[in-house]
Amino acid sequence: MKKLIDARGLTCPLPVIETRKALKTMTEGQLEIVVDNEIALQNLEKMAQQMSLDYRAITISEQEYRMDIFLSEAEGKTSEAQHRLERIEEGTIVVISSQYMGDGDPILGKILMKGFVYTLTELDHYPSKVLLYNSGVKLATAGSDSIGDLQKLAEQGVEILSCGTCLDFYQLTEKLQVGGVTNMYEIAQSTMGATRIIQP
Amino acid sequence: MEDPNFLVGFDHGDDGAVYKLTEDLALVQTLDFFPPMVEDPYVFGQIAAANALSDIYAMGGEPKTALNIVCFPDAMDLDILGQMLLGGHAKVTEAGAVLAGGHSITDVDVKYGLSVTGVVHPKKVLTNLGCKPGDVLILTKPLGVGIITTADRVGEASSRAMEEAIRSMTTLNKYAAEILQKFPLHACTDVTGFGFLGHLHEMLNQEVTAIIDSSQVPHIPEALAYAEEFLITAAAQRNRNHLRKFVDFKGGVPFNMEELLFDPQTSGGLLVSLPASYGEEVVTQLEALGLACGIVGHIVEKAEKEIVVE
């Protein structure tokens with residue numbers, strides 16, 4: 001299978017986006033991308049290097065550059081980035097409504113919750129969102145042991161959202177260290193739209 | 001013949017021009033304009049003005065007057081123009097300066113910016129040169145607004161990431177400058193189109209070396225995720241091409257961090273170099289302003305590479 005993308009006239013990052021789209025539909029064969037400037041070719045090369053693709057970059061003229069990507073089914077290479085994208089489960093939302101995990105001793109509850117958030121970072125699949133409300137918002141504010149782990153999740157593309165009313169109530173609005181602020185409408189909408197809700 | 005009152009020009013890539021009028025008064029002038037990177041015209045006006053005013057703060061000055069520079073298509077709704085100018089006016093007013101007029105022309109695309117004039121004491125001019133071994137480098141705003149606005153243009157940015165980018169871009173560097181001026185700064189610049197590494201390179205002037213701790217670089221978290229999705233810009237690649245010979249990325253610095261450090265910023269933060277003993281106090285005060293900031297590295301004697309990223 002051979003496929004051609006004419007990305008002349010497109011500005012970065014569109015040539016790269018079009019190429020990534022095409023790559024997702026191909027398992028073998030050759031993909032040729034034509035661009036009209038060297039910078040776009042260099043951005044394609046960076047992508048190909050990061051995805052460990054077999055490629056060749058060719059300068060045809062001052063206004064025409066081409067990259068050929070060779071895919072072989074046997075290798076089945078996917079980049080770490082693509083891999084990561086596939087690791088997000090769109091319909092899955094984690095809802096944390098307390099700083100403690102489970103009923104019982106609060107010290108134990110805190111230790112368990114820290115362990116839970118850490119374990120989320122280690123799983124093969126990530127939720128699309130982590131919603132924090134009531135005392136759960138304390139996990140995302142100054143002094144929490146879970147800031148680093150939540151940050152790690154955010155960097156993997158997981159949305160971390162704390163309830164604004166709750167931050168206000170606990171006077172923690174200024175101390176939020178990771179993720180954004182949300183409201184009841186968004187909480188209700190997200191949970192309604194979720195296919196799976198995980199509550200520790 | 002060079003005029004002796006012309007104190008700072010563009011030969012070292014400084015942020016603005018400084019001209020001495022009297023022994024205790026100098027003019028600082030700057031100009032910047034560009035096409036929109038956000039959809040809301042009012043917000044774009046705010047960003048364009050915050051960006052133009054920033055050069056005055058980076059020189060240690062105080063803005064006094066500003067003039068609009070506008071390119072606007074004939075066929076476009078004039079309300080958009082009005083909103084844009086209102087946004088610009090709001091930021092000029094917040095800066096304590098006067099919007100004194102401007103000039104507009106018809107063009108195929110929208111572009112907006114300002115020429116800003118400020119004042120500074122000739123002995124208190126801050127330039128981008130003067131980093132000394134033993135200094136720490138402090139950045140007052142998070143990096144990543146270029147990657148995030150690019151991702152937004154292709155519909156891939158989360159609203160949270162965009163809000164944070166806009167909050168950062170519309171924040172005047174005035175407040176950070178007021179804090180920084182209380183300390184003995186060796187060098188100061190603002191991070192804009194050449195990206196963090198580009199503006200750092202201008203500061204170092206191949207006289208000293210900077211060691212950057214990439215784990216400490218303030219950034220908008222989603223920017224790293226988007227860079228990993230290759231939502232990358234042409235401008236960042238141009239910065240990379242220009243700077244690669246000056247930069248040594250140590251093993252373990254991932255690709256997305258490299259992209260973040262090359263990412264062109266609009267209305268970026270101030271980058272300053274000052275003795276290490278003041279570092280923590282400065283950061284504590286800056287943190288109270290509510291934007292991500294931090295000590296991003298330190299200066300050592302000139303080494304083989306001008307910039308080492310760890």
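This is a conversation between a visitor and a guide about how to read a predicted model.

Visitor: Where should I begin with chain B, and how many helices and strands does chain B have?

Guide: A plain inventory is a good start, and in this predicted model chain B holds 10 helices and 13 strands. Along its principal axes, the C-alpha trace of chain B spans about 55 × 55 × 40 Å. The radius of gyration of chain B is 19 Å, close to the 19 Å that the globule rule gives for 310 residues, so chain B is as compact as a globular protein of that length.

Visitor: What share of the residues of chain B count as buried?

Guide: Of the 310 residues in chain B, 52% count as buried. Another way to read the fold is to ask how far apart in sequence the contacting residues are: among contacts in chain B between residues at least 6 apart in sequence, 87% join residues at least 24 apart.

Visitor: Which domains does the assignment give for chain B, and how many residues of each are in contact with the other?

Guide: The domain assignment divides chain B into domain 1, residues 6-124, and domain 2, residues 135-309, and the C-alpha centres of these two domains of chain B lie 22 Å apart. Where they meet, 19 residues of domain 1 of chain B are in contact with 19 residues of domain 2 of chain B. On the domain 1 side, the elements that give two or more residues are α1 (41-58) and α2 (78-94) of chain B, and α1(B) provides the largest share, with 10 residues. Sorted by class, that side has nine nonpolar, six polar and four charged residues.

Visitor: How far apart are the domain centres in chain A?

Guide: In chain A the assignment gives domain 1 (2-77) and domain 2 (83-198), and their C-alpha centres lie 38 Å apart. For a single pair of residues in chain A, consider G29(A) and D168(A), which are 139 residues apart in sequence and 56 Å apart in space, C-alpha to C-alpha.

Visitor: Where does G29(A) sit, and what does G29(A) touch?

Guide: G29(A) belongs to strand β2 of chain A, residues 29-35, and counts as partly exposed because it has 13 C-beta neighbours inside 10 Å. Leaving aside residues up to four places away in sequence, G29(A) touches M1(A), K2(A), K3(A) and L71(A).

Visitor: What should I look for when I search for a nonpolar core?

Guide: The general idea is that, in soluble globular proteins, nonpolar side chains tend to be buried together. In this model the largest nonpolar core has 109 residues, and those with the most contacts inside it are L53(B), I148(B), A223(B), Y226(B), L270(B) and V272(B). The largest share of this core, 10 residues, comes from α1(B). To look around one of these residues, take Y226(B), which touches I147(B), I148(B), A151(B), E156(B), A157(B) and L231(B), not counting residues up to four places away in sequence. A second, separate core of 26 residues includes V94(A), V137(A), L167(A) and I187(A).

Visitor: Finally, how many residues of chain B are in contact with chain A, and how many of chain A with chain B?

Guide: Here 17 residues of chain B are in contact with 23 residues of chain A. On the chain B side, α7 (221-228) and α8 (234-243) each supply at least two residues, and α7(B) gives the most, with four residues. By class, the side of chain B that touches chain A has nine nonpolar, four polar and four charged residues.

Key:
Residues numbered from 1 in each chain as written. Chains lettered and ligands numbered in written order. Predicted model: local features only at pLDDT ≥ 70, side-chain atom pairs only at ≥ 80, totals over all residues. Contact = placed C-beta atoms within 7 Å. Nonpolar A, V, L, I, M, F, W, Y, C, P; charged D, E, K, R; others polar. Domains from an automatic or database assignment. Rg over C-alpha atoms; globule rule 2.2 N^0.38 Å. Buried ≥ 20, exposed ≤ 12 C-beta atoms within 10 Å, placed from the backbone. Core = buried A, V, L, I, M, F, W, Y, C linked by C-beta atoms within 7 Å.
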